[in-house]
Amino acid sequence: MEIAPGAHHFPGFLTTARQRAIAECCRALVDGAIPAYVPVVRGGGKMHVRMLCLGRHWNARTYQYEPIRSDFDGLPAPPLPAEFCELAREIASHAGMPLQPDLCILNYYDADGRMGLHQDKDEGPESIAAGIPVVSVSIGDTARFLFGGLKRRDPVEVLDLVSGDAFVFGGPARLRYHGVSRITPGTAPPELEISGRFNLTFRQSDDACRASS
Ligand SMILES: O=C(O)CCC(=O)C(=O)O
């Protein structure tokens, strides 16, 4: 479903079995040897999610990607699993867009989790100018997703992202503001045995653009 030029919502993209496999992988990653953490952004505020960057680390102080978590514990960003890359490419191709992801931001939202309106614009000028999409996968509790325009004050569309949904924004929608205003606790499919929500956003940095050209 194209909700705006370049923005596609695919409700129920993933079967329950696929969601379960992804949920297990996410759980192992966020509580693994290099665990998710609550980033503190450059204004000094704490984010309202636990974050784990795969492939490269997004530094919440500099808003740049780097190999190690220099704003937190100096550990390397865990690699991006090959099956996650495959999934992101599969979803992007459903939206008719190319994607060679080298980064994923995996966020865990508890019942109070949220994320303010923002643009994803740190992947690099080439990737953004080419309109390479961001691919988002939702697992667990339902999120109220806000999808705005290219300016912060533009009107915002509100939609629910349910477990198993995919959302893609690229092309003319690549820099649209977006965020999550709330999570609805207890709405995850019981088969997932999860409370809260995982969200994975796959991205392609300029490094990956150059490597694939
Ligand atoms: O959780 C979501 O659906 C959105 C996440 C997001 O905007 C981000 O990671 O930049």
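Which pocket is the space taken by the ligand? The space taken by the ligand is the largest pocket. This is a predicted model, and the report looks at that pocket and its ligand.

## The pocket

The largest pocket has a volume of about 690 Å³. A total of 36 residues line it. Among them, Met 47, Trp 58, Met 115, Gly 116 and His 118 lie nearest the pocket's centre.

What kinds of residues make up the lining of the largest pocket? The lining divides into 15 nonpolar, eleven polar and ten charged residues. Four strands, β6, β7, β12 and β13, each supply at least two residues of this lining.

## The shell around the ligand

Now turn to the residues around the ligand. There are 13 of them. The closest are Tyr 109, His 118, His 178, Arg 197 and Arg 203. By type, the shell divides into five nonpolar, five polar and three charged residues.

The strands of the lining appear here as well. β6 covers residues 103–109, and β7 covers 115–118. β12 runs over 178–184, and β13 over 197–203. Each of these strands supplies at least two residues of the shell. Which strand gives the most to the shell? That is β13, with four residues.

## Polar atoms facing ligand oxygens

Three side chains place a polar atom by an oxygen atom of the ligand. For His 118, the distance is 2.9 Å. For His 178, it is 3.1 Å. For Asn 199, it is 3.3 Å. How much of the ligand's accessible area does the protein cover? On its own, the ligand has 290 Å² of accessible area, and the protein covers 96% of it.

## Putting it together

His 118 links several parts of this picture. This residue is one of those nearest the centre of the largest pocket. His 118 is also among the closest residues to the ligand. Its side chain has a polar atom 2.9 Å from a ligand oxygen.

His 178 is likewise listed among the closest residues to the ligand, and a polar atom of its side chain lies 3.1 Å from a ligand oxygen.

Methods:
Residues numbered from 1 in each chain as written. Predicted model: local features only at pLDDT ≥ 70, side-chain atom pairs only at ≥ 80, totals over all residues. Heavy atoms only, no water. Near = heavy atom within 4 Å. Polar contact = N/O pair within 3.5 Å; in protein donor to acceptor, adjacent residues only side chain to side chain. Areas by Shrake-Rupley, 256 points an atom, 1.4 Å probe, with all protein chains shown as cover. 1 Å grid on protein atoms, 1.4 Å probe; cavity = no way out; pocket = protein on both sides within 12 Å on 5 of 7 lines; lining within 4 Å. Sits in = over half its atoms within 2 Å of the grid points. Nonpolar A, V, L, I, M, F, W, Y, C, P; charged D, E, K, R; others polar. Points joined across faces, edges and corners; volume = space filled by probe spheres on them.
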